[in-house]
Amino acid sequence: MNPGKDAGKNAGKDALLSAEPSAQLWQALCEGDETRAVALVRRALAAVGPAQGTSTGMSAGMSAGTAARERTRAAGERVLLELIAPAQRRLGLAWAADEITVAQEHAATVISERCIAAVADSTAPALAGPVLGRVLVSCVGGEWHALPARLVSEVLRLRGWRVDHLGAQVPTEHVVAHVRRTRAQAVLLSSSIPTLLPGAHNAINSCQGEGVRVLAGGAAFGPQGRYARMMRAEWAEDARGAAALLGRSPAPPVEAARPPDLDLPHLADQEYTMVCRTRLQLVKQAVADVEEGFPEMRRYSEYQRERTVEDIDHIVGHLATALYVNDSDLFTRFIGWTADVLAARDVPPWCLLPALDSLLNRLKDFPRAVGILTAARRLLDPPRSTRPI
Ligand code: B12
């Protein structure tokens, strides 16, 4: 986790050499040093907190007490979004590049959660004052990336909202029941994993069916939130954007309880449904074809085989999702990401080709699926003229 695979060897040696808080936090996360990470965050809060100047919501004529509270709130927001969030993103890159293990990434994330709690604790006294309204923040069903939603919740609290934070993996019916019970003014749905988009669409639709405003966010919703807009939710790129949207009037209401194909007319061709229905057979056949086209797989351990089956299942899941939103870029982005992850682990990315070819073969009568698979295939197998010599 420390830049490179030798992180463990340097642990503790030059821990506080760098004065830069983000470098120090990264180091503490690398070393799994929760106490130091939390202390760093508290120090960063103190460093940005008392500074004078213009910050979020401050204006001339404010009392000294109010201005101090505003500075504390603004400091909390900066530490959350400019210190903790980038460290989490960096963790993702380090994992993908095989510089840290899954266990290290888990340990570091738990520390980041403690850091967020420390910000919440330290800024709590500054939250006295009028409440702007009540909102609900939740991950969509199947979504375990709770930390992005937590950041959104804490920023909204700092901005004066009362937030019901439901955390990871909440089935739609429970989100809806909570909206009914609390009469929240808005539901903010978070998702990082694109394959959860069909479920997210259902959650958006169901909440709108309750007459409540819905904001969506997180990497799953695509570049510039293109899938959120398709599903007729409001979208913002980050927690500050979410706060800004809530400060504006809602978009005009959309029809309640509409079937998914009203938003996504291409679903009428049933390609998405067919791929979902035959997912198990598609995966089974692709595993067999990969074994044939990539004989090294025969020497795989049971564990490696299981991971390969999981990877192929992910491929089919992303294909289905690309069909759902009718966007071949979604699938190409996923294949590019998978190729990079494999390459970092010395697995040649072309080993994905037999899986794509297997799907192409089985789905040859489905024009949208063929288009999506062909585009991704081009990424892995560029024409000879563009290959390095
Ligand atoms: C920690 C982590 C996990 C932890 C999550 C624990 C937790 N408590 O959150 C665990 C171990 C559970 C996990 C699991 C998986 N993960 Co993971 N994970 C991460 C990691 C490293 C950090 C997540 C995080 O904290 N992000 C930090 C914040 C700052 O992210 P953010 O999206 O920028 O948040 C901002 C905006 O999105 C926005 N926002 C977020 N929600 C909302 C909502 C609204 C309404 C609005 C308006 C805005 C908004 O505001 C936020 C703050 O400004 C990311 C890397 C990354 N780049 O995020 C990978 C990452 C997301 N994971 C990834 C993967 C692949 C997985 C798994 C599929 C791995 C596996 N094979 O099992 C599973 C999927 C589990 C599931 N079904 O959800 C990939 C996804 C790649 C892809 N193409 O889809 C990533 C990108 C890692 C990588 N580099 O490849 N993961």
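A backbone N or O atom of W144 lies 2.7 Å from an oxygen atom of the ligand. This distance, like the others in this report, belongs to a predicted model. Two further residues also make contacts with ligand oxygen atoms, as the table sets out.

| Residue | Part of the residue (N or O atom) | Distance to a ligand oxygen atom |
|---|---|---|
| W144 | backbone | 2.7 Å |
| R89 | side chain | 2.9 Å |
| A239 | backbone | 3.1 Å |

Several structural elements each give two or more residues to the shell around the ligand: the helices α4 (64-96), α5 (102-123), α6 and α10 (239-247), together with the strands β3 (186-190) and β4 (213-217). Of these, α4 contributes the most, namely seven residues.

The ligand also holds a cobalt atom, and the protein supplies a single donor to this metal: atom NE2 of H145, at 2.2 Å. H145 is located in the loop that joins β1 (134-139) to α6 (146-158).

In total, 35 residues surround the ligand, and those that come nearest are E113, W144, H145, S190 and W337. W144 thus appears both in this nearest group and in the table of contacts, while H145 is both in the nearest group and the donor to cobalt. By character, the shell consists of 20 nonpolar, nine polar and six charged residues.

Where does the ligand lie with respect to domain 1 (1-129) and domain 2 (130-263)? Both domains give residues to the shell, and the ligand therefore lies between them.

Methods:
Residues are numbered from 1 along each chain as its sequence is written. This is a predicted model: local features need pLDDT of at least 70, side-chain atom pairs count only at pLDDT 80 or more; totals for chains, interfaces and linings use all residues. Side-chain values use heavy atoms; hydrogens and water are left out. Donors are N, O and S atoms within 2.8 Å of the metal (3.2 Å for Na, K and Ca); water is not among the atoms, so sites may look incomplete. Helices (H or I, at least four residues) and strands (E, at least two) are DSSP runs, numbered from the N terminus. A residue is near a molecule or strand if one of its heavy atoms lies within 4 Å of it. A polar contact is a pair of N or O atoms within 3.5 Å; within protein, one must be able to donate a hydrogen and the other to accept it, and residues adjacent in sequence count only if both atoms are side-chain atoms. Ala, Val, Leu, Ile, Met, Phe, Trp, Tyr, Cys and Pro count as nonpolar, Asp, Glu, Lys and Arg as charged, and the others, Gly among them, as polar. Domain bounds come from an automatic or database domain assignment.
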